[in-house]
Amino acid sequence: MTELSLATDPTGVVAPRPDAQALRLTQGILMTPTGAVIDEDITIDEFCDGLKNCQALANSSMWTLGDLLVYGDSRGEWGEMYTQALDLTQKSYSTLTQAMHISKQYPMEERNADVSWSHHREAASIKNRDERQAVLKQAAGEGWTREQVREHVKGAVPQTHNVTTCPQCGHEWS
């Protein structure tokens, strides 16, 4: 992250200071430890890029957390790795063990970037790797939510959801 912090000037405008952390999501949008700093004049394309990049970071953070925990667990000499991870991340033991389990279940080459970490978590109970990959591919192709993956894994037919289209950019979501 870029070093950056925020200060409010006498007129109430929030502006970056160079002593806190921030990450540029796109032109005009900074992600800080406590939220976004957004220029007033961003375009709809910059707004959409910011949303897309924010979601990509959120999704990749669970993979990264799991991968780091798998690595730390493999280092026997590190001892209290989970205690340290609990303190450093402020996440629950359950969240940490789940992140590590999913990272172990899916080697890097089996992860599908077209669906979320949560989609992978829902499909993880499928023991056959080829079948699991087919479900994730179908989920990506048909735009399934993680709940729809869960329904499929349980044997139910995933319920389709109404599709909404943004009148500005044409993006569709269910």
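## Order of helices and strands

Follow the chain from its start and you read β-β-β-β-α-α-α-α-α-α-β-β. That makes six helices and six strands. Keep in mind that this is a predicted model.

A few overall figures help set the scene. Of the 174 residues in the chain, 29% are buried. The exposed surface comes to about 11,500 Å², and carbon and sulfur atoms supply 53% of it. If you take the contacts with a separation of 6 or more, 34% of them involve residues 24 or more positions apart.

## The largest pocket

How big is the largest pocket? Its volume is about 980 Å³. There are 28 residues in the lining, and the ones closest to the centre are Lys52, Gln55, Ala56, Asp114 and His171.

Helix H1, which covers 44-74, and H5 each put at least two residues into this lining. H1 gives the most, with ten residues. Sorted by class, the lining of the largest pocket has 15 nonpolar, nine polar and four charged residues.

## The second largest pocket and Leu69

The second largest pocket has a volume of about 240 Å³. Eleven residues line it, and nearest its centre you'll find Leu65, Leu68, Leu69, Ala85 and Thr89. H1 turns up again here: H1 and helix H2 (81-89) each supply at least two lining residues. This time H2 has the largest share, with five residues. The lining of the second largest pocket splits into seven nonpolar, three polar and one charged.

Leu69 is a handy residue to click on. It lies in helix H1 and lines the second largest pocket. Is leucine 69 buried or exposed? With a relative accessible area of 4%, leucine 69 falls under the 20% cut-off, so it is buried. Beyond its neighbours within four places in sequence, leucine 69 is in contact with Met81, Ala85, Leu96 and Met100. Ala85 is also one of the residues nearest the centre of the second largest pocket. Tyrosine 82 is 13 residues away from leucine 69 in sequence, with 8.0 Å between their C-alpha atoms.

## Gln90, in the loop after H2

Glutamine 90 sits in the loop between H2 and H3. What stands out about its backbone is phi, which is near 60°, a positive value in a residue other than glycine. Its relative accessibility is 67%, and the cut-off for exposed is over 50%, so glutamine 90 counts as exposed.

## Glu110 and Arg132

Now for a pair of buried residues that touch each other. Glutamate 110 is in the loop between helix H3 (93-105) and helix H4 (117-123), while arginine 132 belongs to helix H5, residues 129-142. Glutamate 110 has a relative accessible area of 13% and is buried. For arginine 132 the relative accessible area is 2%, so this residue is buried too.

Which residues does glutamate 110 contact, leaving aside its neighbours within four places in sequence? They are Gln105, His120, Arg129, Arg132 and Gln133. With arginine 129, the side chain of glutamate 110 makes a polar contact of 2.7 Å. The contacts of arginine 132, with the same neighbours left out, are Gln105, Tyr106, Glu110, Ala123, Ala124 and Ile126. Gln105 therefore appears in both lists, if you compare the contacts of glutamate 110 with those of arginine 132, using the 4.5 Å cut-off for heavy atoms.

## His119 in H4

Histidine 119 lies in helix H4. At 9% relative accessibility, histidine 119 counts as buried. Its side chain has a polar contact of 2.6 Å with the side chain of serine 116.

Further along the chain, histidine 119 has contacts that skip its neighbours within four places: Leu136, Ala139, Trp144, Thr145, Arg146 and Val149. Take tryptophan 144 from that list: this residue and histidine 119 are 25 residues apart along the chain, and their C-alpha atoms are separated by 8.7 Å.

Note on methods
Residues are numbered from 1 along each chain as its sequence is written. This is a predicted model: local features need pLDDT of at least 70, side-chain atom pairs count only at pLDDT 80 or more; totals for chains, interfaces and linings use all residues. Side-chain values use heavy atoms; hydrogens and water are left out. Helices (H or I, at least four residues) and strands (E, at least two) are DSSP runs, numbered from the N terminus. Buried means under 20% relative accessible area, exposed over 50%, partly exposed in between (1.4 Å probe, protein chains only). Accessible areas come from the Shrake-Rupley method with a 1.4 Å probe; for residues, only the protein chains shown count as cover. On a 1 Å grid over the protein atoms alone, a cavity is a set of points where a 1.4 Å probe fits but cannot get out, and a pocket is an open set with protein on both sides within 12 Å along at least five of seven lines; lining residues have an atom within 4 Å of a point. Grid points are joined across faces, edges and corners, and a volume is the space filled by probe spheres set on the points. Ala, Val, Leu, Ile, Met, Phe, Trp, Tyr, Cys and Pro count as nonpolar, Asp, Glu, Lys and Arg as charged, and the others, Gly among them, as polar. A polar contact is a pair of N or O atoms within 3.5 Å; within protein, one must be able to donate a hydrogen and the other to accept it, and residues adjacent in sequence count only if both atoms are side-chain atoms.
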